[in-house]
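The exercises below are worked by reading a structure step by step. Each has a task and then a solution.

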Amino acid sequence: MIRTYSRPHYAQARTWYRFACWLRRTSCPQFHPHLMKEDALRASFGLRAKSLILPSLLQDCEAAGLARLAARAEAGDKYPELVARIAQVDPDDPSADEVHLFLEVADRTGTHTEKHLLGKLPPEDALWVAPLIRLESDAYGTGTVLRYHVTGGQDTQVHVAVSRAHQAAAAWLDWADDRKAWAEAHAVAEESPYAYRASYRDTVAPGAGYGEFLYGTDAYGETDWDDE
């Protein structure tokens, strides 16, 4: 008998998997869409999330950022939301792009926020996250498509849950279909997942600012975490 599932996570995982297969990258051997999809399903069920959650572990964490994060946890913020920016390490190699995550700390008036670097996503996660972040700057005007929540960790280890991945992947697939149709109509080469990279430069150099950051409106809109 064919087993059927009532949960939407499996359809969401298939959508993300279709997008991940578009990347077809051999420069990052850790990038394995099928295994990542299975890990995401397990993490989603474990967190009792309403949608697909992809787990990650931050690398090269900053001590000052971790101290700020610990202070937020002590203040009762169970699942702080982070903001992300892309750092171009090599202008000629899109797969080398890094995704840096920051913790926002607002002042007492709430009119000004400071961004404190926590660390960066590992290469296998930055590989698929970066094209979806770039989707926010294209003609579709999708706004913030991914969300990053701290879910745990000890000492210098920080665990992050990346949500809205399936929604962002679906929007990217629609964008890719439109770009492919446009390319065929104009007899030009098909665009890659990193097509918008040249027009979305956000080079991060020592001492340079990170520019404007991404914002979310409902930090817990896709999970049951705030109901506990």
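**Exercise 1.** Is F45 buried, partly exposed or exposed?

Solution. The model is a predicted one. The relative accessible area of F45 is 26%. Buried requires under 20% and exposed requires over 50%, so F45 is partly exposed.

**Exercise 2.** Classify the ring pair formed by Y10 and F45, and state which parts of the chain it ties together.

Solution. Begin with the count: there are four aromatic pairs. In the pair of Y10 and F45, the ring centres are 5.9 Å apart and the planes meet at 50°. Stacked pairs need planes under 30 degrees apart and edge-to-face pairs need over 60, so the pair is tilted. Next, locate the partners: Y10 belongs to helix α1 and F45 to helix α2, so parts 35 residues apart in sequence are tied together. Y10, at a relative accessible area of 25%, is partly exposed.

**Exercise 3.** Classify the pair of W16 and W128 in the same way.

Solution. The centre-to-centre value is 5.5 Å and the planes are at 85°, which makes the pair edge-to-face. W16 sits in helix α1 and W128 in helix α4, 112 residues apart, and the pair links these distant parts of the chain. Both residues are buried. Another aromatic group is the cluster of F19, W22 and W172.

**Exercise 4.** Check the length of helix α1 and find where its buried residues lie.

Solution. Helix α1 covers residues 9-23, that is 15 residues. At 1.5 Å a residue the expected span is 21 Å, and the end C-alpha atoms are 22 Å apart, which agrees. The buried residues are H9, Q12, A13, W16, F19, A20 and L23. Viewed down the axis of α1, these residues fall within an arc of 125°, so they line one face of the helix. Their packing partners are α2 (33-46), β1 (54-57), α4 (123-134) and α5 (165-185). After α1 comes R24, with a positive phi near 45°.

**Exercise 5.** Repeat the analysis for helix α3.

Solution. Helix α3 spans residues 63-74. Its 12 residues should extend over 16 Å at 1.5 Å a residue, and the end C-alpha atoms are 16 Å apart, in agreement. G65, L66 and L69 are buried. Down the axis of α3 the buried residues fall within an arc of 100°, so they line one face. The face turned away from that buried side carries the exposed residues A63, A64 and E74. The buried residues of α3 pack against β3, β4 (113-120) and β5. Just after α3, G76 has a positive phi of about 105°.

**Exercise 6.** Describe the surroundings of strand β2 and of V83 within it.

Solution. Strand β2 comprises residues 81-87, and V83 lies in it. Six of the seven residues of β2 are buried, so the strand is largely enclosed by the rest of the structure. V83 itself counts as buried, at 6% relative accessibility. For the pairing, β2 runs antiparallel to strand β3 (residues 98-106), joined by six bridges; A87 has E98 as its bridge partner in β3. Strand β5 (residues 147-152) also pairs with β2 in the antiparallel sense, over two bridges, and E81 stands opposite H149 there. Finally, V83 and E104 are 21 residues apart in sequence, with 7.4 Å between their C-alpha atoms.

Note on methods
Residues numbered from 1 in each chain as written. Predicted model: local features only at pLDDT ≥ 70, side-chain atom pairs only at ≥ 80, totals over all residues. Heavy atoms only, no water. Helix = DSSP H or I, 4+ residues; strand = E, 2+ residues; numbered from the N terminus. Buried < 20%, exposed > 50% of the residue type's maximum accessible area, 1.4 Å probe, protein only. Expected span 1.5 Å × (residues − 1). Arc of directions from axis to C-beta. Contact = heavy atoms within 4.5 Å. Pairing = 2+ DSSP bridges. Phe/Tyr/Trp six-rings, centres within 6.5 Å; stacked < 30°, edge-to-face > 60°.
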